[in-house]
Amino acid sequence: MAEDKYNTESTEGLKPVAFWELHKNPILLRYIRSRMRWNGLAAALILTLVLTIFTFVISFNGAIRFSLQSDVNAYRAAFLPVFLIQVVLMMFLGTGSVASGITQEYEDGMVEYQRLTPMSPMAKIVGYVFGLPIREWFLFLVTSFFIGIIVVKGDVPMGSIWRIYSVFFLSIILYHLMALVVVHSMSKKRVAGRVIQMLVLVLYFVFPLLSQFGLVFFEYLTVRPILKENILEYIPRQLSMRRLLDLDGSGTTVPFFDQQLKAWSFSMIIMTSLT
């Protein structure tokens, strides 16, 4: 009886980790231990904090100097600059970390080793997608503190923020999955990191320009249409960042058969289907 009980407990302990059990995912835990060590994290954290605080203060004080009607508008003026830092962190640096990290895994033979483990393919993908850029996810959470101040002090509706960040989260997952696929399909994996970062720049800044010629699909792989639809009315018109990002507020609905879909709905459909 005791032996049967021991065998049962051993079998339960060897059960494969489900993909939603992030706290048990060995790939994720390994990268938390390696990439979240203070020696490597400190410089990135200090640099991110200094840049974010500087951007926040300059945006707020600049808005006050240009005689906006209230402090509420001054806080709202800081949203786009701080959000742009988050985009750079997750889309450019985070995607690069996924590409360079999985390249190193291939060179060390760890990808072949992982194939021998009893983990499901989905659990392995989740471990890599969230584990490789875990430092960028942490820095993203740090900058979210300033977004929280802007939302509270600027009286920005939570519904608008939720729609923006739901699409932003999906786009992060999509781009990081794209990094895994590109590295896996490339023979020269050493250059994969740079190729992925160039692809992100093209997808975010070049392909959306094709919407002027009727190719609007690529624009909905970014958060620009969601910003136009959900946050533009709260951003002061005097803010130069509106013109820099071409947020003119036009085209926030998409014709879909005989329906007119909101930009948020169409982006969620596109990104969910691709993910």
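1. Arg35 is buried in this predicted model, with a relative accessible area of 17%, a value that falls under the 20% limit for that class. Its side chain meets that of Glu136 in a salt bridge, with 3.1 Å from N to O. Because Glu136 belongs to helix 8 and Arg35 to helix 2, the pair ties together parts that are 101 residues apart in sequence. Glu136 also counts as buried, at 7% relative accessibility, so this contact has a buried residue at each end.

2. A second salt bridge joins Arg30 to Glu105, and here the closest N and O atoms are 3.0 Å apart. This pair, too, links distant parts of the chain, since Arg30 sits in helix 2 (residues 26–35) and Glu105 in helix 5 (residues 79–108), with their positions 75 residues apart. The burial of the two partners deserves a separate remark: Arg30 is partly exposed, with a relative accessible area of 28%, whereas Glu105 counts as buried at 4%. Arg30 has a further contact to record, as it lies over the face of Tyr31, at 4.7 Å from the ring centre.

3. The count of salt bridges comes to three, and the one still to be described pairs Lys24 with Glu21, whose closest N and O atoms are 3.8 Å apart. A reader may wish to note that the cut-off for this kind of pair is 4 Å, so the 3.8 Å of Lys24 and Glu21 falls within it. Lys24 is partly exposed, with a relative accessible area of 45%. As background, side chains of opposite charge can pair when their charged atoms come close.

4. Turning to the rings, the structure holds 14 aromatic pairs. One of them is formed by Trp137 and Phe140, which stand edge-to-face, with 5.9 Å from centre to centre and 90 degrees between the planes. The two residues are three positions apart in helix 8 (residues 134–153), and therefore about one helical turn separates them. Both are buried, Trp137 at 13% relative accessibility and Phe140 with a relative accessible area of 10%.

5. Trp137 also pairs with Phe169: the ring centres are 5.9 Å apart and the planes lie at 50 degrees, so this pair is classed as tilted. It links distant parts of the chain, with Trp137 in helix 8 and Phe169 in helix 9 (residues 158–185), 32 residues apart. Phe169 counts as partly exposed, at 39% relative accessibility, while Trp137 is buried at 13%. Both belong to one aromatic cluster, whose members are Phe79, Phe83, Phe130, Trp137, Phe140, Tyr165, Phe168 and Phe169.

6. Which residues does Gln86 touch, once its neighbours within four places in sequence are left aside? The contacts are with Phe140, Thr143, Ser144, Ile147, Tyr165 and Phe168, and of these Phe140, Tyr165 and Phe168 are also members of the aromatic cluster. Gln86 itself is placed in helix 5 and is buried, with a relative accessible area of 0%.

7. Met271, which lies in helix 13 (residues 263–274), likewise counts as buried, at 0% relative accessibility. Apart from neighbours within four places in sequence, Met271 is in contact with Val167, Leu170, Ser171, Leu174, Tyr220, Leu221 and Thr222. For Tyr220, which is 51 residues from Met271 along the chain, the C-alpha atoms of the two residues are separated by 8.3 Å.

8. On the surface, Met198, Leu201, Phe205 and Val206 make a nonpolar patch of about 380 Å². Phe205, one of these residues, has its place in helix 10 (residues 192–206). Over the whole protein chain, about 15200 Å² is exposed, and carbon and sulfur atoms supply 67% of that area.

9. Some totals complete the picture. The protein chain has 13 helices and two strands, and buried residues make up 48% of its 275 residues. Among contacts in the chain with a separation of 6 or more, residues 24 or more positions apart account for 75%. The salt bridge between Arg35 and Glu136, 101 residues apart, is an instance of a pair linking such separated parts, and the pair of Trp137 and Phe169, 32 residues apart, is another.

Key:
Residues numbered from 1 in each chain as written. Predicted model: local features only at pLDDT ≥ 70, side-chain atom pairs only at ≥ 80, totals over all residues. Heavy atoms only, no water. Patch = residues over 30% accessible without salt bridge, like charges linked within 9 Å, V, L, I, M, F, W, Y side chains within 5 Å. Areas by Shrake-Rupley, 256 points an atom, 1.4 Å probe, with all protein chains shown as cover. Helix = DSSP H or I, 4+ residues; strand = E, 2+ residues; numbered from the N terminus. Phe/Tyr/Trp six-rings, centres within 6.5 Å; stacked < 30°, edge-to-face > 60°. Buried < 20%, exposed > 50% of the residue type's maximum accessible area, 1.4 Å probe, protein only. Lys NZ or Arg CZ within 6 Å of the ring centre and 35° of its normal. Contact = heavy atoms within 4.5 Å.
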